[in-house]
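Please take a look at the structure shown here, and we will walk through it together.

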Amino acid sequence: MPRRVVVVGAGFHGCSAALRLSNQGYEVTVIDKAYAGRHASGVNAGGVRRLGRHPAEIPLAIAAWERWLNMTSIVGDDCGFRPVGQIKVAENDNDMATLIERECQVRNLGFCHETLLSRDELYKRLPALASHCPGGLACDGDGYANPYRTVTAWRREAERQGACFREGIEITALEPKSNGWQLSSGGERFDADLLVNCAGAWAGEFCKWLGEPVPLTAEAPMLMITERLSPFLGTVVGATSRPLSFKQFENGTVLIGGGVRGVVDLARHVAETRLGGLAENADTVVSLFPFMKEARIMRTWAGVEAVMRDHIPVIGLSSQHDNVIHAFGFSAHGYQLGPITGEIVADLAMEREPKLPITPFSIQRFQTPCPKQDEFTYAN
Amino acid sequence: MITHDLVILGAGPAGMAAAATALKHDITPVIIDEQPAAGGQIYRALERTPLRGRHILDEEYWSGESLINGLADQRIDYRPATMVWQLTRQREVGLLHDDKVEMIRARHIILATGAMERPMPIPGWTLPGVMTAGSGQILLKSSGVVPQAPVVLAGCGPLLLLLAVQYLRAGVEVAAILDTTPRNRYCAALKYVPGALRNASTLLKGVGLLRELRRAGVRHIRDVSALRAEGSGQLERVLWKQQGDDQWQTLETPTLLLHQGVIPNTQITRAVDCHHEWDEQQLAWRPCLDEWLNTDIQGLAVAGDGGGIVGAKAAAMQGQLAGLGAALALGKLTLANSTERAQSIRKALARDTAIRPFLDVLYRPAKQWRLPDDDTLACRCEEVTGGEIRRMAKMGCRGPNQTKSFTRCGMGPCQGRMCGITVSELLADANQQSVEETGYYRLRPPFKPITLGQLAKAAEEG
C-alpha cells in the first residue's frame, strides 16, 4: 500500500483529501503554488446547494449535505453554514415550464429534495420579490456557508491529523520514479507513492504531463457585494434562465453572483471583473428586487474556476497510471461537494469501492466521443 | 466606448501640470477629477474659498492659480465632479458623473491621485471630535469652517505645523501642539540638512512656521510618547505622556486633530495590480516606476504623491515629466527630444526633493503611532481591533487578504483605504516578517461605491 501521498492544490478538495488520507495513516504533503483557499475555494459565492444539480451529482450532493449538517463534529467549526434554503425563481411561464420539468425529472430519479412552489408559496417566502414571477423551485435545508473559513477549518483539521501543508510552491516538473512520482519546484523535490490532483484551474496542466489531456477551461465567475441593508431576504435566490444567485448574509450585505464570467489571466494567476457582465447581473437583480436599485456595491471580484466541457468534475483514478487520483474540474459548483471528495479519494487510495457512484466522473469519458451537454444551468 | 489619447486622473498639481505639458505636444487630454473644483488637496477650493484674507492660507496655496487657470484651455476635456470607480489593465476607465455611468478607454493614462493621510490609530481616535489635520484643513480651505475651539493638534509633520499657523491666522485658539517627534530624531536628521539646503526655501518656510507659533505663545509640548483621546460619546479630553515621564497629563478640549504625515494613495495602482514596493524610508507602499514614471502596466504612469511622497511643487514637475512620457508613448516626441526636454525638469525635481530625506527622517512616525494596541480599532468600518489582527496572525494568517476573509477587516465602505497600511504593518510585526512579504489587500472595483441601478443602466446603454 502506498504511504507517501502528495496532494497538489490546497483548495477545499485538496484539504478534504488531505484530511481523510491522513486520517487513514498516510503521510500527506499538500502543495500549493499560492496558499490554501487562494482561488475558487476561498472566494466563491458560498452556495451550499443540492438544488438544480446535474443528475450524476445528486447522490454526491446529498451525501455532502449530510456532512454539512455535521460540520462541527468533522472539523470543529460549522464553517458558517446556514441552512436557510434555496429557491430558483421562474421569471416567466417558460421558466416555470422548465422548473416543472426539472422537478419531475428529479422525482423520477427517486429523489425528493426539490419541491415546486406556486405563486402564492413563492411570495410567502420572498415578499420583496417583484410581482411578475409565476412560481419557483425550492430546496429546503440548502443554504450558504463561508468559503475561506471552510477551507481553513478543513486545512487545520487535516494538519491535526498529520498532513503537512507547503504553500507558495509551484510544481514545475513531474517525473515517474520507482513505483511513484517525483515532483520538482525549483531546487526542491517531493517524492510520492501516490499523487492526488486537486489543482483546480491548473489541473489540466498535470493531466497533460500525465498523458491524459482533458477539455478544461479556466473561467472566472464574478461576484459583487453590497453595503449592509435591512434584512429582506432569508433564503438564497437563483434565477432560472439568467445567471443569478443572490443571498443576504446575517450582517445585511447582499452577495450577487451566479455565473457571469470575468476575464482569467492564468499567467498572473488572477481573475478580473468585467463591466459588461456585472452590469447584466445588476440588471437581473434590479428586475427581481426593484428596491435594490439604490443599494451601493461595495466590491466586485472574480475567482478562477476549472470548468469541464460537460460541466461535471473529474473524480477517479487516472486512466494512464495506477498511482494517480484526480479530483478537479468542479465547474463552478464544487464548494458544496468538498466534504465528500476526501472520502472518495481515500476509498480509491485504499483500493476500496467508493460508497458513492463516481463512474460518470471518470476521466475516461473524454477519451470517447464527447457526451451531449445538458441544457439546464448548473452554476452555483 | 470612446478611445482617448490621454486620460489623466486627478486635477491636483501633478494632473494639471501633466495636462498642460501634454497640450504643448499636440495631445488633447481628458482630465477627470472627483472634486467640483480643480486644485487637488493642496490647492483645494482655491477659486471659491470663502477665506478672503489671502494671508491666512500662504503664498504656496495661491501659487496654484496659474495651474488651475491652465485648465480653462478649450482643448482640455476637464471633467470635474466625476468619480472613477474602475480602471482595468486594458486602460478602460469607469466613470460616474451626475448619476450616470460611462466607460471610456485611453491609449495612455496618468494617475495623479495624490496622497492620503497616514492613519494614526491611538486609543479614542474614533470619538467624534477627533479628526485628521488634513480634514481640518479641507474644512478651512473649502468652507472657511473651523472646528470647535480650543483645538489640540497632535502628531508630527509639516502639515500639522502649517495648519496650526493657519488656525492662528484665522483667529482660532490653539490650546496646544503635542509634538510626537522624538528628541533624538533631530540629531538623526541633522546629517540630512546639507542635502536639504538645496531646497532652502522650503526649509526656511518650516523655520518660519515654528517661529510664528512661538511668537503667538502656542503651547508646544515636545517629545510626546503616548497619547489617548477620552470622552463619553464625544471627545472631552486628551491625555499624553512625555518621554521619560510616567505621568499622564491632561487637557480638556472639544477638538483633537491628528497627523503623522501623508502616504501615497495607492488604491487604484493596487486595484490594477501594479508592482509595488515597501519604502522603508517613508514607511509606505508605492508603485514601482521607471524614469518616465511608467508603472509595469503598459500605458499607465503615476505622477505626484501617488508614486511616493514628494510634495506639491515636485508633484507638478513630475506631472510635466509624465506629460513628456505620454508624448513619447503616443509618438508625439522622439526619445531624444523628450529626454532633452526632461533634463531641466529632472534637475529642478532633484533640487526640490532634496529636502525629502531630511523630512522623512525627522518626521518618521514611531511604532506606537502606526500599530494600534489590542483594544484600539484598526478597521473603523468593520470595527476590527489591533488585538483581533494579532490573534489572526497567531491562527496562521500571513497576509491581509486572509484576515479579510476571517474578520471582514478592510471590507467596509472605505474599501480598506483607512486600515490597509495599518493591517499590513500589524501582521508583519506579529509574524516577525517584512511588510513586503506580508503584502497588501487585493483591491477590487468599484473604487468608490456605485449603486446597482447605476450599473444596470450601463448595461442598457451597452
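We start with a whole chain and then move to a helix and a single residue.

Keep in mind that this is a predicted model. Let's begin with chain A, which has 10 helices and 23 strands. Its C-alpha trace spans about 65 × 45 × 40 Å along the principal axes. Is that what we would expect of a compact globule? What can help us here is the radius of gyration: for 380 residues, a compact globule would have a value near 21 Å, and chain A has 20 Å, so the two agree. Of the 380 residues in chain A, 55% are buried. Now consider the contacts in chain A with a separation of 6 or more: 74% of them are made by residues 24 or more positions apart.

Next, turn to chain B and find helix α4, residues 133–143. Its buried residues are Ala133(B), Gly134(B), Gly136(B), Gln137(B), Leu140(B) and Lys141(B). If you look down the axis of α4(B), these buried residues fall within an arc of 160°, so they line one face of the helix. What do they pack against? Their partners in chain B are the strands β7, β8, β9 and β15, along with helix α5. Just after α4(B) comes Gly144(B), with a positive phi of about 65°.

Finally, look for Tyr192(B), in the loop between α6 and α7 of chain B. Is Tyr192(B) buried or partly exposed? Tyr192(B) has 18 C-beta neighbours inside 10 Å and, because a buried residue needs 20 or more, Tyr192(B) counts as partly exposed. Setting aside neighbours within four places in sequence, Tyr192(B) is in contact with Pro357(B), Phe358(B) and Val361(B). Pro80(B), by contrast, is 112 residues from Tyr192(B) along the chain, and their C-alpha atoms are separated by 40 Å.

Definitions and conventions. Residues are numbered from 1 along each chain as its sequence is written. Chains are lettered from A and ligands numbered from 1 in the order in which they are written. This is a predicted model: local features need pLDDT of at least 70, side-chain atom pairs count only at pLDDT 80 or more; totals for chains, interfaces and linings use all residues. Helices (H or I, at least four residues) and strands (E, at least two) are DSSP runs, numbered from the N terminus. A residue is buried if 20 or more other C-beta atoms lie within 10 Å of its own, exposed if 12 or fewer, and partly exposed in between; C-beta atoms are placed from the backbone. Two residues are in contact if their C-beta atoms, placed from the backbone, lie within 7 Å. The arc is that of the directions from the helix axis to the C-beta atoms. The radius of gyration is taken over C-alpha atoms; the globule rule is 2.2 Å times the number of residues to the power 0.38.
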